[in-house]
Amino acid sequence: MKIANKHPKEALRLKELQSYSILDSLPEKDYDNLTAIAAEICESPISLVTLLDDNRQWFKSHHGLSISETLIEVSFCSHTIVEDKDILIVQDSRCDDRFKENPFVTADNGIVFYAGVPLVSPKGLPLGTICVADNKPKELSTNQVASLKALASQVMNLLELRKKNELLKDSMVALEEKNKELERFAYIAAHDLKSPLNNISALSMLLQDSYGKQLDDEGQTMLGYINSSSETLKGLVDGLLEYSKSASVLDEEITEICVNDIKEEILSLFSYQHTLEFNVHSSLKSIFANRTAIDQILINLIANAIKYNDKNKTKIELHLLEDDEFYEFRVQDNGPGIAVDDQKKIFEIFTVLKGQDKDGKKGHGIGLATVKKMVEHLGGTIHVQSKIGEGTSFNFKIAKSGQMAATFQ
């Protein structure tokens with residue numbers, strides 16, 4: 001028996017094999033189907049997908065053979081990958097010096113016929129083979145050889161797909177970690193900024209109350225800038241805190257929420273808005289969802305509808321429906337509407353439209369991004385419908401199964 005030489009680029013070959021994370025993986029039907037097809041086409045009782053590690057031959061799929069690996073010294077496939085051929089065919093191993101003393105040949109009902117096609121990676125490195133074997137001499141037809149080579153290509157397609165999926169999973173894990181780090185940073189930064197900002201705001205108001213009359217017009221204007229800037233920055237910080245805390249909110253349990261309680265809570269929260277007309281339309285008595293998340297989503301949408309309304313009376317309608325999979329919400333107002341071009345941007349964080357609210361203040365571009373993030377975490381989607389001068393409708397749905405783990409956690 002002759003032991004095959006190592007591949008000329010053995011170290012690179014083994015590194016390439018490891019990059020597929022395939023060794024010792026569980027059986028998979030896709031590979032088993034290919035070995036079954038190979039055995040049928042080549043009229044052979046044994047068919048294998050083999051991968052050659054540094055000291056063993058491991059079978060990703062073994063049709064007609066009960067063992068899952070062998071020592072590389074007795075491997076037929078180790079010869080296949082070092083011979084510069086697209087297929088190795090051994091018609092009678094008993095007459096071949098490389099194999100005639102091989103224990104798998106000399107055993108009762110041993111291997112006599114062998115045909116193997118290398119599994120070659122895009123880098124040109126052989127990882128293993130797809131092979132067929134029989135206990136009697138035989139030849140393969142031209143069509144059988146072509147079919148076995150085609151099956152080798154399909155095995156490589158499966159291996160490449162697996163590799164890409166593993167890389168994608170790794171990328172998603174890395175992206176998730178980065179998002180968590182960014183959220184932690186945003187929370188810590190915003191939290192640490194809030195206290196000095198409150199001090200600046202309070203001191204500027206105290207300065208205006210105590211010494212405002214001693215300042216000339218220019219001083220009064222500068223003090224006003226300090227007040228307005230600190231208030232704007234406080235709003236941005238509050239928004240960042242809300243955005244960064246939204247992930248932890250989603251960890252809360254699913255509870256039963258009375259639909260009428262939603263209406264009463266909204267009316268109570270915005271009771272100071274004397275021109276507000278708010279109605280809820282739903283045949284549902286209650287829903288099962290994350291109470292805090294639903295509250296934050298609705299309060300954010302309704303607060304925006306109030307702040308940017310340009311009518312004498314603000315009218316907001318909340319519609320709540322359900323189907324087999326989702327609860328569907330529609331928050332509809334009679335405000336100024338949102339231009340079509342702007343509708344595509346409003347859910348992007350830090351995107352601020354040109355419009356101002358009733359107090360002449362511009363938003364910080366975080367609220368709707370937080371809403372979108374929470375809706376998607378709850379297994380749903382959100383979109384906006386609007387016409388200038390006719391109002392806006394925010395439509396979102398959440399999965400009935402409760403909190404759905406999405407891209408971010």
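This passage looks at a run of paired strands and at a pair of packed helices in a predicted model.

Strand β5, which spans residues 113-120, is a good place to start. It is mostly covered, with seven of its eight residues buried. β5 pairs with strand β4 (residues 88-90), and the two run in the antiparallel sense over three bridges. With strand β6 (residues 126-134), β5 again pairs in the antiparallel sense, this time over eight bridges. Y114 turns up in both pairings: Y114 of β5 is the bridge partner of V90, and Y114 also stands opposite A133 in β6. As for the link between β5 and β6, the two strands make a hairpin with five residues between them. In that turn sits G124, whose phi is positive at about 80°.

Further along the chain, the helices take over. Helix α7 covers residues 259-269 and helix α8 covers residues 291-307. Their axes lie 11 Å apart, and the two helices pack at an angle of about 50°. That value falls between the under-35-degree range counted as roughly parallel and the 65 to 115 range counted as roughly perpendicular, so α7 and α8 are oblique to each other. The crossing itself is right-handed. On the α7 side, the contact is made by D261, I262, E265, I266 and L269. α8 answers with R291, D295, L298, I299 and I302. Sorted by class, this contact of α7 with α8 has six nonpolar and four charged residues, and no polar ones.

Terms used: Residues are numbered from 1 along each chain as its sequence is written. This is a predicted model: local features need pLDDT of at least 70, side-chain atom pairs count only at pLDDT 80 or more; totals for chains, interfaces and linings use all residues. Side-chain values use heavy atoms; hydrogens and water are left out. Axes are lines fitted to C-alpha atoms, for helices over the stretch in contact, and angles run from 0 to 180 degrees between N-to-C directions. Helices (H or I, at least four residues) and strands (E, at least two) are DSSP runs, numbered from the N terminus. Angles under 35 degrees count as roughly parallel, over 145 as roughly antiparallel, 65 to 115 as roughly perpendicular and the rest as oblique. A crossing is left-handed if the near helix is turned anticlockwise from the far one by less than a right angle, and right-handed if clockwise. Contact means heavy atoms within 4.5 Å. Ala, Val, Leu, Ile, Met, Phe, Trp, Tyr, Cys and Pro count as nonpolar, Asp, Glu, Lys and Arg as charged, and the others, Gly among them, as polar. Buried means under 20% relative accessible area, exposed over 50%, partly exposed in between (1.4 Å probe, protein chains only). Two strands pair if DSSP finds at least two bridges between them.
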